[in-house]
Amino acid sequence: MLKQLGHVKQHSLRAGQHAFPGDAPSARRRPPVVAVRASATPTEPAPAAPQQQPPAVTLDDSRTQAFMNWARGPASIRFAGVKPSTFAGIRGLAASSDIANDALIVEVPRRSAVVLAPKQRNSCPGMVTDDWWKGAPWFAKMGAMLIWHKRQGGQSPLAPWIAQLPADAGVPLTWSDKQLAALQYPYLQAQVKEQQREWSGLYDALRSSGMAAGAAAPSREEFWWAMSVVRSRTFSGPYIGSTLSDRLRLAGLVAALVVGNTALGLADPQKTLSAAIAVFLFNVLYEVILSRSLKQYAICPLIDLFNHTSAAQSEVSYNYFGDSYSVVASRDFKKGEQVFITYGAQSNDSLMQYYGFAELDNPQDTYVISDMLRWVEGFRPVPAARLQALRGSSLGAAALTNVVVQRAGFPAEALQALRFLLASDAEAAAGVSAFSKAGSTEAEALLAEALACVVTAELAAAPTSLKEDLALQASGSSGSGGKKGGAGSATAAEAMALSFRIEKKKVLSAVLKNMGG
Ligand SMILES: C[S@@+](CC[C@H](N)C(=O)[O-])C[C@H]1O[C@@H](n2cnc3c(N)ncnc32)[C@H](O)[C@@H]1O
């Protein structure tokens, strides 16, 4: 085993999109949840039964061998106890020997990672213009960096890592409308359409004014591939402006100035020393403060082979003293087991959109009801004046749009809006603000009935039931007769869409169960 990191200053990094709250669909921000019935104790999702892990099949194709030789050779990646393997066809890292809790498993020096620091200069010289670089979002810059390295071929110091990247990230971004429809989930379908528009815009901007003179533009497929790879493999965390060696250099420089000043008799030695200490401390404190607000992004070869489970506790950390990224085991692993890390608390919506898979019984999963008002109207027509009053209130109709439902219940704003809509004219005269808390037993019973109707209607609107989907999955078919193939193929997309919609329907069924329905 490599040395343990217990005493070393570390900063945890998170999977890419977490760093950008503005990037994250609002659905990923979990609102406070309110049980739909005051009397009902919301049941937490039952702890998932330990799942039978598929056996590890060691990967020893020539690309993997070249990559591992590069990792332990020129890239100076330190690793112990893990090896690339597949598990039911999915590549990941298996324990090659027993691993003890707290053991350092992988450590990647910064120079062997693809890193984007704040205000980093154009890192694709001769390929993109400085103007494009300044205005592009982080994942487009890192995508351009991947393409830049790819174009360097064998000249790139990262060539063996680039060569073994997946040819298709398998995310819904590139799915057909039919495949997107198989998600049976309007919220994510809308998110993916929005992403397609955004990424098309980024590509058009790159083509129209972003390429340096004489450089050929990548194809749209290549640019989207690079950005998808980036979004599914990047971790982000606080940015530390200087490494330890930078700081030691600064301390050396300050010390030299003090000695020089004193030797030449230019100033009072006591004052010079105080000023030097102040300069050094200011520099250190400035960077500590800076590191809280600035982010760095990193794709770390080998670490990027860890798959995710929300049950794992290991995260990627930046190790300041070693200027490296590392992963430490958060429990014991037996030889042959898959070693997972966590990409952070993520619902299946973001796992599906940016990583192309849905986690079974994901405790972080939610269900976003795009248009709750539609189902409320089905339960009981809402007078136009009442709706008008809701729209004009501080809550607004947004309280019933993209409503994030957790297994334990509905968000407080949706409940408040619904109580207001269901109230009698006399009660509603008090205004929306009077409905933030539970009302009379009868009013709450009516609310629970309306919510059960909403959930049932959302489930019924899906073309297939949970039972049918489970039967389809058990039969080994994804239901559309797509052609067979690996990740990114029609069959893989349909199988992913099927497992995703099963998980979504399980969330809604749990909501109904928690309501006593
Ligand atoms: C950081 S990479 C992990 C290594 C990846 N499996 C590979 O072969 O390169 C993230 C990608 O791995 C896959 N992945 C990660 N965790 C997974 C899981 N629990 N189930 C299925 N696929 C997973 C997804 O395709 C995701 O986009």
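Trainee: Between which two domains does the ligand's shell lie, and why?

Mentor: Good place to start, and keep in mind that this is a predicted model, where local features need pLDDT of at least 70, side-chain atom pairs count only at pLDDT 80 or more, and totals for chains, interfaces and linings use all residues. Residues are numbered from 1 along each chain as its sequence is written. Domain bounds come from an automatic or database domain assignment. Both domains give residues to the shell around the ligand, so it lies between domain 1 (10-30 + 54-115 + 298-346) and domain 2 (119-236).

Trainee: How many residues surround the ligand?

Mentor: A residue is near a molecule if its C-beta atom, placed from the backbone, lies within 6 Å of it. The closest are Arg 91, Ser 232, Asn 307, Tyr 355 and Phe 357, and the full count is 18 residues.

Trainee: Which element gives the largest share of that shell?

Mentor: Helices (H or I, at least four residues) and strands (E, at least two) are DSSP runs, numbered from the N terminus. Two or more residues come from each of β6 (90-95), α7 (220-233) and β11 (307-308). The largest share, 3 residues, belongs to β6.

Trainee: How many charged residues are in the shell?

Mentor: Ala, Val, Leu, Ile, Met, Phe, Trp, Tyr, Cys and Pro count as nonpolar, Asp, Glu, Lys and Arg as charged, and the others, Gly among them, as polar. With 7 nonpolar and 7 polar residues in the shell, the charged ones number 4.

Trainee: Which strands stand at the edges of the open sheet of 3 strands?

Mentor: Two strands pair if DSSP finds at least two bridges between them. The order is β3-β5-β6, with antiparallel pairing. Each edge strand has a single partner, so one side of each is left without a neighbour in the sheet: these are β3 (56-58) and β6.

Trainee: What is the bridge partner of Val 82 in β6?

Mentor: Look at strand β5 (residues 82-87), which pairs with β6 in the antiparallel sense over 6 bridges. Across from Val 82, the partner in β6 is Ala 95.

Trainee: Which residue takes a positive phi in the hairpin of β12 and β13?

Mentor: Strands β12 (residues 316-319) and β13 (residues 324-328) are antiparallel, with 4 bridges. Tyr 318 stands opposite Tyr 325 in β13. The hairpin has 4 residues between the strands, and the one with a positive phi near 50° is Asp 323.
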